[in-house]
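Reader: Hello! I would love a close look at one part of this model, the open sheet in chain A. Could you walk me through how the strands are arranged and what lies around them?

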Amino acid sequence: MRAAADLLLAALHSAAEALSGCGVRFEAFARLGESVHLHRERDGSLERRLSREFGVACRVAGDGRAGFAAASGSGARAGRDAARAAMATMRPAPDPLPPRSLLGSSGTALPFQTPDLERLAALVEEVAGRFAAGNHGLALVQLRGLAGSSAAALATGEGFHAVASAGGAVLELLVAPSEGPWRHFHFAAPALADLDPAAVAERTREAALLATRGRPPERQLADVILAPAVAAPLVAALAQRLTAAAEPLGAARVSRAWRLVDDRPGPAGLLPLPWDGEGLPARRIELIAGGEVRERLATWADAERSGGAPGGAVRPSYRHPPRAGPANLVVLPEPALQQSELLARVEHGFYLAVPAGAVQVDAASGRFELRAAAVAVRHGKPAAAHPLVTLRGSLRRLLGALVAAGGDSESFSLACAVTTPSLLFRRLEIA
Amino acid sequence: MERDERSGLFELAAAVARERIAGLVDVYLERRAEAFWRLAAGRVVARETLLREGAAVRRAGVFASSDGLDRPALAGLLGITSRALPAFAAPRFPEAPMLEETAGAFPTAWSGVRWRWSWAAVLAGRSAVTVARPELAEVTFCDGRRALACWPALPAPDSDARPPAAPTVARPGPTRALLAPAAAAVLVHELIGHPLEGDLLLRGGSPWAGRGGQRILHAALSVADDPTRGDLPGGFSADDEGAAAAPRPLLAGGVLVGALADRRTAEALGVRPGNARRAGVHAPPRPRISNLIVEAAAALPQPPRGDAAVEVVSVSSGTLEPASGAVLLHVRTAFALRGGSRRQRLAPFTLVGTVARLARGILAAAEPAAAAPEPGWCGKDGEFVPTGAVAPWLLLEGMEIR
């Protein structure tokens, strides 16, 4: 952490120096990210990528004006560049900076650890080797491994200072069955050591062979179980919608089976951090619980306008000002059912097991569409395979249609971190 | 490149070459400046600035990148000492345009305007090539969609953007659709552009692999990738491996005649390189689309609305699923057609087809062709580059409304 902290502090210091005589309130944020990527192709060839990103962002406010700018670089100059550019962007606007009295940290920063390329390479090779074992007719088209670490620091002109760090590891496998569409699998964990190569290979094999042939189902309304990998992007989209919707979705009918939290301080979830994107102490934010939409994620300025509570700011990179949004989503199953219990609750429906492509969400209407490999379920038993089914609906409908959740939670690194079990919904549209 | 005595890039390239770094392929330097004007009710309410700079080094099997464009950062990537490198200078970040002062009020459907400038250089061997790209103008709409053009032109307001309160739901099933240029551009981007990218061709994920010299479209369309069109967002003077930009014919009268290649894929495909693009300093170069120019040998003089059931004005995105051969167009704006005239505005829907059906299903092209604000930003494995297109209207069958 020492070298990373020195770099962050040098950049913040140079930004503060450039701004301290300008007669403005200011906030400087610096972030260092280091990552290693490995791409293993079908023929065994390897491509290694090592990346180091560093940048500083400054928000400034004074005399009824405010501005924002960010600059990347390799040291203190980035801080000075961001500070000067921020001053040049000032224009009439309310002060967006939270008061000093609200800033703080809910914990201490973990040590920054440079990602380990050799360890990642060993993991990738072991997964590839274990996947290849056996005569299953599957080809591993591409295997990608990623390990990354980041450290961030925030300082204000009023003397607040905080640091944080985080890490993560991801494995992505692109698999070609002997027939049917290729499948994409995603595994994420807080660290490389948390990814079990044997489990990754076995689960990928099983899921890729689940629905390689079969006819598309008729268009219908049906009960659906979404496996964690299928549910995760929908949960993220729902949380985004709850944050951004012009009209409150709280008016929608909400199932009591939902309990969705943004567990910012952890320990649950993939990406806990001790403070939010503006330097407010991290707290667990209940988004949906008890049959209602609870809190709406808000920055300090949002909360001032709406009368809500701040603490919901995120800063995915240094390049943009903080905005309201989910950080570490966790679906808490209450109760957590066994897979067999979930299936037993489906008289006539589908188990969507493996996502096929990205979820499409229409921001204006809140309607979504996703495709997945599925198994038809009749009387709680698997009945037929469908290599591709389309699930459509509205995020509002999802709020009311959840009836149960499984105990098989998995974490995913998407636009935010999402941890979710399998989710059972009543009467969604299968096309 | 014209020699710029003040930049020191040639001296830098020579110094790097002198170090004889094992497996070194090239060095990439980049600077980008962006300004974003946040709008509300047609007025600017905030302005943001982003200044980025960085370098990337490719060695055999290894790609390393870092923010920062100074000697220590570059020396660190190369694994040498800073002293081995001479001083060099990238162009200064330019001042952002004076948008607020010159443009006045904006359409209320816009939530932001972004300007982007970039400079890049590729050092390979002892040569240094600078990469010139057009400045970009991007409009973000209140519903989240984005449109791209070359600065100072701002994308034209979409007169059909505001949906009616209760749009008609399109009837599911096979349909004959008339695609306006903006939608046709996305279809050709997905159907022809992506599948002819060298890495996809070699990975076995392209339906056009091994079809060189064959007629792959029933319609006599000619498609070229043309980065020399500096008036379109995907233009560049040299690709991101330093090869001079040149138009690349892909289809001639429906016959497959080319592919998009970088250095790594060119030899295996039997074509010259020149289509390598990087999504940024942290992304390695890959074969990518720049500007797709679609022409038809016998285009109809006007759109044949009488021959179609649905007119698709614009799509929010398109997708090609390589292995299944499915093409999806997520339609944002469309109208039912009857008797050659527009009737009801339709609610958003998805058009789904297969590459094989679409190859036979493009029935006709019609004037007027137009530069399209879409596809705009093209994503591939999470890496986004600006692209442009000029396309005619297309009449097609073989896709289903879902």
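Author: Happy to help; what follows goes through the sheet, then the helix lying across it, and then a pair of helices in the chain. Please keep in mind that this is a predicted model.

Let us begin with the strand order. In chain A, six strands make up an open sheet with mixed pairing, and they run β11-β10-β9-β14-β22-β21. The edges are taken by β11 (292-293) and β21 (410-413) of chain A; each has a single partner strand, so one side of each is left without a neighbour in the sheet.

Now step inside the sheet. Strand β9 of chain A, residues 260-263, is paired with strand β14 of chain A, residues 328-331, in the antiparallel sense, and three bridges join the two. Within this pair, Asp262(A) has Leu329(A) of β14(A) standing opposite.

Next comes the helix on the sheet. Helix α5 of chain A (residues 228-244) lies across β9, β10 (284-289), β11, β14, β21 and β22 (417-420) of chain A. Relative to β22(A), α5(A) runs at about 120 degrees.

Finally, chain A also offers a helix pair to look at. Helix α3 (residues 117-132) and helix α4 (residues 197-208) of chain A have axes that come within 8 Å and cross at roughly 45 degrees. The two helices, α3(A) and α4(A), are therefore oblique to each other, and their crossing is right-handed. On the α3(A) side, the contact is made by Leu123(A), Glu126(A), Val127(A), Arg130(A) and Phe131(A). From α4(A), the contact residues include Pro197(A), Ala201(A) and Arg205(A).

Conventions. Residues numbered from 1 in each chain as written. Chains lettered and ligands numbered in written order. Predicted model: local features only at pLDDT ≥ 70, side-chain atom pairs only at ≥ 80, totals over all residues. Pairing = 2+ DSSP bridges. Helix = DSSP H or I, 4+ residues; strand = E, 2+ residues; numbered from the N terminus. Contact = placed C-beta atoms within 7 Å. Axes fitted to C-alpha atoms, helices over the stretch in contact; angles between N-to-C directions. Parallel < 35°, antiparallel > 145°, perpendicular 65-115°, else oblique. Left-handed = near helix turned anticlockwise from the far one by under 90°.
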